[in-house]
Amino acid sequence: MTHKSNPSHSQGLTPKFHPELTPSLEELEKQERHLVFRQFTYDDAWALGSLLVEMARERQAPVAIDIHRAGQQLFHAALPGSTPDNDAWIARKRRVVERYGSASYLVGARFRAKGSTFEESSRLDPGTYAAHGGSFPITVEGVGVIGAVTVSGLPQLQDHRLVVEALERFLDRWRDRRPE
């Protein structure tokens, strides 16, 4: 598994700032442009999911973690403190990624930037779709969005940031191992 090299990637796409400050649309879109895989295998799903579990355990985060590709669940973990409601949130957030091809947090932010909310303006059933942070597209270079990695259990921006940080670490590890 490799990803495309990106010089700005080493600077980090997850700024370290106060949790109450939200990223701009530009920052969120930059994350999606840069967190792209060359391929995404079953082994990659296991490794990324395991990394997310490790990160969540270090933070004692009560989350559920899910990775889907092409309609198939490749990874799922529920950590202490998570509940069945987290699985329902995962499904709703993942459906937003599948429908819009963008991170669930970014989709919600785009509606808010237009002075509305996803629930008010999307005309989609909020029991089926949730444009809340925590689901991020798995994008393969030259292919497009093939799946989603999703976390649920923290406030939505923290869910989003946990996924982005894991993707950054994962892709950096593979870049460091890739022969030039």
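**Exercises on helices 2, 3 and 4**

In helix 3, the buried residues (under 20% relative accessible area, 1.4 Å probe, protein chains only) are Asn 86, Ile 90, Ala 91, Arg 92, Lys 93, Arg 94, Val 96 and Val 97. The model is predicted, with local features requiring pLDDT of at least 70 and side-chain atom pairs pLDDT 80 or more. Residues are numbered from 1 along each chain, and side-chain values use heavy atoms.

**Exercise 1.** Determine how helix 3 and helix 4 are oriented to each other.

*Solution.* Step 1: helix 3 covers residues 84–100 and helix 4 residues 104–113; they pack at about 75°, with axes 8 Å apart. Step 2: the two helices are therefore roughly perpendicular (65 to 115 degrees). Step 3: Lys 93, Val 96, Val 97 and Tyr 100 of helix 3 meet Ser 104, Val 107 and Phe 111 of helix 4 (heavy atoms within 4.5 Å). Step 4: these residues divide into 5 nonpolar, 1 polar and 1 charged.

**Exercise 2.** Check the span of helix 3 against its 17 residues.

*Solution.* Step 1: the expected span is 1.5 Å times one less than the number of residues, which gives 24 Å for helix 3. Step 2: the end C-alpha atoms lie 25 Å apart, in agreement. Step 3: Gly 101 follows helix 3 with a positive phi near 70°.

**Exercise 3.** Describe the start of helix 2 and what comes just after this helix.

*Solution.* Step 1: at the start, a side-chain oxygen of Thr 41 comes within 3.3 Å of the backbone nitrogen of Asp 43. Step 2: just after helix 2, Gln 60 has a positive phi of about 55°.

Technical notes. Axes fitted to C-alpha atoms, helices over the stretch in contact; angles between N-to-C directions. Parallel < 35°, antiparallel > 145°, perpendicular 65-115°, else oblique. Nonpolar A, V, L, I, M, F, W, Y, C, P; charged D, E, K, R; others polar. Polar contact = N/O pair within 3.5 Å; in protein donor to acceptor, adjacent residues only side chain to side chain. Buried < 20%, exposed > 50% of the residue type's maximum accessible area, 1.4 Å probe, protein only.
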